[in-house]
Every structure is written in C-alpha cells, then in structure tokens.
Amino acid sequence: MKEFAAALAVLVMSVVSAGAGAATQYRAIDLGDLAGGLDYSRVFDLNDLGEVVGESAMGWAPDAATAAAIGAPLADLAAWEGGRGFVASAASPMLEVGPVTVYRGGVHDAGEPSVQPWIVESRIAGSARAIDEAGTIYVEAKARGIQLFSFTPDYPSVDSVTPALAGSLELSARTRVVDFQVNAASGGAAVGGAGNEFESQAISWAAASGVVPFVPLSESNSQEGVRHVRDGVLPDYASDINRSGVVVGVSAAAATLWATDGSSIEVPVLPDDSPASPLGNSTGCPSSPGTIYGCWTSVTPPDNRASAATAINDAGAVVGTSTLGGFLWDGQEVTFLAAGETAFSPADLDNAGNIVGVLDGIGAAIRIMDGSFVELTAVSEGLDGWVLTEAVAMNAHGQIAANGMRNGVMHAFLLSPVPEPAAALMLLAGLPMVFLRGRRGAGVSRIQV
C-alpha cells in the first residue's frame, strides 16, 4: 500500500488593519435581475474583459388585449416563468441572452392572406454558464416546452416559426447555444458533461469538431488504475479548461486531468490509506449537486473516498474538493485547505495562485490571499445589507464574481478591487487556517491550535 507523507504548516488568522500589509478591498456591484420575472440572479462565470454570465428569470402572463391583437382566444395563451441567461459588466446593465422562437402570423379570413399581421418572440428556459476570453457566451438551453405562447399545432393564425437569439446583432453573434452541461470555456472550446446525474461523460465542444468525449480515467493508458473508487458511481464531467487546452474535472469519482493529447491522469489527492468519510451535498454549491464545482450527489463511492478537480490555471495548478477537504495541487505537492474544522470548497484560482470559493457550513464567500482566508463580505463596500455566500470565479485583473443573499433573495455581484484600501481588513477571526502539504511517503498528522 502506498503511503502519504505530509509537512504541516499552521497559520493563525487575525485582524489586519490598514498599513499592516497590502490589503485588497472591493467595490461590490449588485447586477440586479432581468425584468418581468422573479427577483433572482446567479452568476456562473467571469472573463478577463470583466463580463459575467449567469441566470436570471423572466415571466409573462396573457391578457385580453394581446389575445385580441393576434386573434387568439385568451384560453389558448399560457402564462410562463423560467430561467434566462444574462451577460453583464461594471459598465453594462444586465442583458438577456439565449434562444428565442419567433412566431409570425395574422388573423385569417377563409382562403385569404393574413391580415393584422403580428410577431411574437417566445423564450426558451436556459442559463448562460460560461464566457471565454474573447467574449463568446455559452448558453445551456433546458426544456424547450416553456414557451411564451401555447398554440395548438394546427392553430390557423401561426404562419411561421423561426429560431433566433435574444439581444443585439453583436450580442447574438457571440452567443452559442448547446444542449449539454457547460462548465467553462477558453480558446473557442467549451467543456462540461453530457448525460444525467447518475451517468454522464466528460466532453468538450468546438464549432469545428462538435462534441468530443474525453477518455474516462479507467480507460487511459497513462494510469494503471483508479486507486480509490469504482466506475459508474459518480458522474464524469469536465469542470475547467486553461489557455493551453488542458482540462480538469472528475472521472470515476476521482479528480482528473486531461492532457492536450487526450490522455487522462488522476490528480493524486487521496492517499491509499486515507480514512473513509461520508459524502453529502456540499453547502454553498453554485449549481445543483453532481454538476460543477465538485458538489457531490447523494450517491456514495464504495469506500467513501472521492475527489473532484474544479479549476486549473495557466501554470497547471489545480484546485478541487475531496472527502479530506478542499485542495490545491501544484503538480508536485497537494495542499489541503481548511479554516479550523470548517471545510473550504475552492471554485477558481488565478495565475498568481489566489483562490476563491465557499467556506462550507457558514456559507461565506472566501478569497485566499497572502496565505489568509478573507471573508469577502467583510472587505467589500456597497453591499447594502447583502451577504456574499459564494465566490465562483475571478479574472486576471482581480475582479471576482460572487453571489449574495438578502432576505431570502439571491443576486449576482461583481467585485472590483479598490486601489486604496479601506480602514481595516477584516478576516475570519478565531479560525486557524490549516495547510496539509503532502506527497507519498510517511503518515499524515494534523496539529490543532
């Protein structure tokens, strides 16, 4: 049995006031929501242009005036409400993106051309899940039965049905609609998973090649076998891609890296003799369990040990989650991240090694910077009572995409660094930060402080 050696470093966190060190502060922008639906928005991705994408909601209810305009009985028109994709930035308000269906028709007299012509744009439920460095937006379309109008198939006033995209010509030109789970995009390629919660395959997509599946971990020639888990227990999916085209995700319930030649290797997170621990749904997951950011499903591997890679930077450093906690792998060493007894789930990291994610249990958006856990709510101005509960992405300019809650409502936020720090830098007081750095060798120990 292989062993796992670890060197342990403990850093006790404290309150750092202005002047005691370089303290990054943020100005928070509430991105609001799309008009006509629930008071709701959620961000999923951020690019280096400062554009964020996510999901909001729109709705519509029929009225007698609309029914009369298109010559349809009011009873034939159905109300709807559903998720819609959006794109926004600090300089641009939230704009709707995603597929629409354009209905054209008019009131007919028997055997005569249409009179009183009308045009109706129907929305299709979905969300914008990724945006690349060039600004290409990837929209994951969901069930196409959610329509603005419910026409019977032979309704005489409908002359044509045409697919289209929401927004201006510029916006629709950079929108890509796909029918699989999208988690990240870079260089004209998107990565994610195809299937369902219990059986899926990690895939990539590009305009030239279409959908291409990745080699599952257990079938790769670069790995003799999967040490900790069995096939078919948790769904496979790709969660991130860097500018070199290297992809990370999960396969056979193990954190996996797919090289540019298509081969797969297991990220060596868990030792063979690591203690088993139960899996549960992770608090603060930015998406439904089993899809992205290393959130677990209710299905448990046979030996209760699993890991998932959630992000990779251009240097090849990888962050993710595991049954031993959140981790950072630099290609040589594994560093486990925790704030005392509170687990941390990393969502993204930049090329400087800064990490953002969620402090599980208390649902706090966190950035790890300069070796300390920083609670983003405490260092952000302009929140107006909102609490940042999950940080999901960051860019090369230090901006962070996060989600916040207030009175049971969720909104998407964009945090931009303020050049001059405010009066104090508030950290998570009283919680020690524990690093477990390890490579295979001797046993793991943990120092309690």
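Which residue stands opposite Ala-391 in E32? Ala-402 does. The exercises below build on this pair.

This is a predicted model, in which local features need pLDDT of at least 70, side-chain atom pairs count only at pLDDT 80 or more, and totals for chains, interfaces and linings use all residues. Residues are numbered from 1 along each chain as its sequence is written, and side-chain values use heavy atoms, with hydrogens and water left out.

**Exercise 1. Describe how E31 is paired and how it is placed.**

Step 1. Strands (E, at least two residues) are DSSP runs, numbered from the N terminus. Two strands pair if DSSP finds at least two bridges between them.

Step 2. E31 and E32 run antiparallel and are joined by six bridges.

Step 3. The two strands form a hairpin with five residues between them. In its turn, Gly-398 has a positive phi of about 85 degrees.

Step 4. Buried means under 20% relative accessible area, exposed over 50%, and partly exposed in between (1.4 Å probe, protein chains only). Seven of the eight residues of E31 are buried, so the strand is largely enclosed by the rest of the structure.

**Exercise 2. Give the strand order of the open sheet of five strands and find its edges.**

Step 1. The order is E30-E3-E33-E32-E31, and the pairing is mixed.

Step 2. E30 (380–381) and E31 are the edge strands; each has a single partner strand, so one side of each has no neighbour in the sheet.

Step 3. Further inside the order, E32 and E33 are antiparallel and share seven bridges. Here Ala-401 stands opposite Leu-414 in E33.

**Exercise 3. Identify the residues of the largest nonpolar core that touch the most other members, and the strands that supply this core.**

Step 1. A nonpolar core is a set of buried Ala, Val, Leu, Ile, Met, Phe, Trp, Tyr and Cys residues joined through side-chain atoms within 4.5 Å.

Step 2. The largest core has 17 residues, and those touching the most other members are Leu-376, Leu-388, Ile-400, Phe-413 and Leu-415.

Step 3. At least two core residues come from each of E3 (25–30), E28 (364–369), E31 (387–394), E32 (400–406) and E33 (409–418). E31 gives the most, with three.

Step 4. Contact means heavy atoms within 4.5 Å. Not counting residues up to four places away in sequence, Leu-388 touches residues including Leu-376, Ala-402, Phe-413 and Leu-415.

**Exercise 4. Place Val-52 in the structure and list some of its contacts.**

Step 1. Val-52 belongs to strand E5 (residues 52–60).

Step 2. Its relative accessible area is 0%, so Val-52 is buried.

Step 3. Beyond four places in sequence, the contacts of Val-52 include Leu-31, Phe-86, Ala-401 and Leu-414.

Step 4. Val-52 and Arg-129 are 77 residues apart in sequence, and their C-alpha atoms are 9.5 Å apart in space.

**Exercise 5. Follow the pairing from E23 through E24 to E25.**

Step 1. E23 (residues 318–322) and E24 (residues 326–329) run antiparallel, joined by three bridges. Val-318 stands opposite Trp-329 in E24.

Step 2. Their hairpin has three residues between the strands, and Gly-325 in the turn has a positive phi of about 115 degrees.

Step 3. E24 also pairs with E25 (residues 334–339), in the antiparallel sense over four bridges. Phe-327 stands opposite Phe-336 in E25.

Step 4. The hairpin of E24 and E25 has four residues between the strands, and Gly-331 takes a positive phi near 100 degrees.
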